[in-house]
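Trainee: Before I rely on the labels attached to this model, I would like to go through the reasoning behind some of them.
Mentor: Then let us take them one at a time, setting each value against its cut-off.

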Amino acid sequence: MSWFERVRGFVTRVWPFARWPILIGIGFAVGFVLPYMLVLDHRVKTRVSEIDFTQPTRVYARPQLLEAGVPMNRATLQLELQTAGYTEAAHAAQVPGTYSADGDKFTIASRGYMDPVGGELPRRVRVSLGSGRIQSVLDLTSGKPLRKTHLDPARIATMYGAQQEERIIVQLDELPPLLVQGVQAVEDRDFKNNHGIDLSSIARAAWADLRAGHVVQGGSTITQQLVRNLFLDRNQTLIRKFNEALLSILLDAHYSKGEILAAYCNEVFMGQQGGQAVHGFAAAGWYYFGRPVQTLRPQEIALLVGMVRGPSYYDPRRNPERALARRNVALDAFHATGLLNDAQWNAAKASPLDVTANPQLVVDRFPAFMDVVRGQLKQDFTDQQLRSGGLKVYTTLDPAAQTYSEQALDESLHSLGKRGNGLQGAVVVVDPANGDVLAMVGGRQSDRHGFNRAYDARRPVGSSLKPFYYLMALSNPSRWNVASLLDDSPIAMKLPNGKLWTPENDDHQSHGEVPMVEALAKSYNLASVRLGLQLGVNRVAAFLRSFGLKDVEANPSLLLGAVDMSPFQLAQLYEFIADDGHALPLLTLRGVLDAKGHVIKQYAVKPGKGQYQQAVGLVRWMMQQVTQYGTAAAIGDSSLASLHVAGKTGTSDHQRDSWFSGFTGDRLAVAWMGHDDNQPTHLWGSTGALRVWMKLFEKLPTAPLTTSPGDGIQYAWIDPSTGQGSLPECDGARQYPFVDGYAPAVQNHCYLQRLENFFGGGNDAAVQPAASHQPRPQ
């Protein structure tokens, strides 16, 4: 009997018993498995196509400029580097994202970046510091001096979607070849040949599981691991394994090996920080090493590849010994498959882990500043774009200015002892040249979300308002100048409501006739009110409204600061004086890139022609006298005297609010202190907010303010007691600035004094440079 006849006989005998199970099996396959596979097939197509839309929006500070002459000190440069995630190298920095310091010389290996105005390529530079500024910048590759370069900006916030996933989408050819080949060598050496599942690996894993009595070994291909990440939970059940196998086969059927591997490299789970899950090798490069995956060395690539098996178990920050052993296993696989030669393998295994101490995964580093940024972004982008569009947002924040502002407020509040209990504060720092907001502190707990006092609190500004109507007066040089005598005598004024208004000076005294500069420097209320009344309260109110201020009531108390503003608004106001009469809006954003690096929004303003520039220059000069002998004389008596600061204190009624606004050559800062319940602080502007400002600028590098009032200004000798021109040798004569052509004519020839000096042998050239000035609280 032939073989065929024997088989047919066997089938004939068995068929009556086997036909129903076979038919049921075919029916099950047609009625359940086929539809089920169609459902799974739809899931595969849909889910994989969605991977590109799961990137969060990342927010960055502004890049730090490195250029000869830029104000800088060692502590600040180191702070900028650390905030940007740079790590200090043991020797001269070579690897991107590292730096080394030798005294005041820094070697920096930058990472490069792209932003709305261009960006920078990675480079190695040497930055030399001295005398509070950058002395030189040298390109170490070419050996030539650089005019300027920038550090890549620090990441300060992330806007996540509902899944809270940290991911950076990259194409397969953007990843290091060693990583692409290495992950196959460690996880699935037959990846290019299998069809989504590897039966031999599954058999080995099943045998190990049976012997152990529970799941102890995986036999998963790269495709199966991707399926688990995209579609399945982590439960080890037969049903899940069945689904995994079907989905893997379908995935392999629909997509090329390159597409599957790219999706895997972007989706693989690599760690967790709080509520944020890190997915993909590109995101993991930043999370563990603080730099792009393209710049990673073999030992670093091996660590990431090795961690795929268990990111929490092999976490190099929590379990370094375990992570090191696992990394070396991956390196052995690289060597065994010919990806590394003997020298590379030995060098990599001898290297330390070199992970950064702090993860480069920032959710919300500076809440007050980010409140304003989010508000602006929501005007231009949808919530969906911000949460999952992969945008890159570039802001104006200066990490050093922000850190120093937080420290200054915290230290000042603590220094007040019991008086500081329950006291709040806020700080805003601005670059007056362009209106960029460099720092914003919204309260004493600056790292927490809550009421943003820097932006949202509206409080009376007190004498902070005085420079602006003094400016109005000085814009009419034929009538007013800095030497004009103002009447500081008592005032009793009947208001429209019938009440009698009797303002007072803070020392409860009147001072007769005083020069305008002294009235501002010592913040005399009576003299200021009389000046404002002569100008017209309605005109003063209209001038303030021209800056965009609302709810400015035209009543006499406006002249003593009875208008509510936030520190942000007051900074906007003072920016006009600090920038020579240019009214620039304050900006927190520089621009936005989409997920592909294209510029989709830029935020910038072009300054127009300055207004009232001579008057602004004279007010700035008078505000410098405030810090020399006036209510902020503490600055002139300190190490900050060389900055020639222009500033003004402010105190609201019953000392409920303490203000100080001041600027140097390149920085403007407004500080406020007060109670949320509006209770008295028992602080003047000079004893509260001024402390914050001074502590800030004791650390913040900045350029001194020029002492020149500007073009179109001349100096002349004046007798301060009369406001008239004087010969320089007359007693009490002082030099004041005036608009060209408007200096008072010399009236005081001091003939009697010169005769007395001649016959008495006195020095007729002796000039008293300044009158006696006693600072007063304000």
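Trainee: Why is Arg-167 called buried?
Mentor: This is a predicted model, and in it Arg-167 has a relative accessible area of 0%; because buried means under 20%, the label applies to Arg-167.

Trainee: What makes Arg-167 and Glu-165 a salt bridge?
Mentor: Their side chains meet with N and O 3.1 Å apart, and the criterion asks for a nitrogen of Lys or Arg within 4 Å of a carboxyl oxygen of Asp or Glu, so the pair qualifies. Glu-165 counts as buried too, at 13% relative accessibility.

Trainee: Why is Arg-309, the partner of Glu-187 in a salt bridge, called exposed?
Mentor: Arg-309 has 53% relative accessibility, and exposed means over 50%, so the label holds, whereas Glu-187, at 10%, is buried. Since Glu-187 lies in helix α3 and Arg-309 in the loop between α9 and α10, the pair ties together parts that are 122 residues apart in sequence.

Trainee: How do you know that Cys-730 and Cys-750 form a disulfide?
Mentor: Their sulfur atoms are 1.9 Å apart, and the cut-off is within 2.5 Å, so the pair meets it. Cys-730 lies in the loop between β31 and β32 and Cys-750 in the loop between β33 and α23, so the link joins parts 20 residues apart in sequence.

Trainee: What makes both cysteines buried?
Mentor: Cys-730 is at 0% relative accessibility and Cys-750 at 9%, and because buried means under 20%, the label fits Cys-730 as well as Cys-750.

Notes
Residues are numbered from 1 along each chain as its sequence is written. This is a predicted model: local features need pLDDT of at least 70, side-chain atom pairs count only at pLDDT 80 or more; totals for chains, interfaces and linings use all residues. Side-chain values use heavy atoms; hydrogens and water are left out. Helices (H or I, at least four residues) and strands (E, at least two) are DSSP runs, numbered from the N terminus. Buried means under 20% relative accessible area, exposed over 50%, partly exposed in between (1.4 Å probe, protein chains only).
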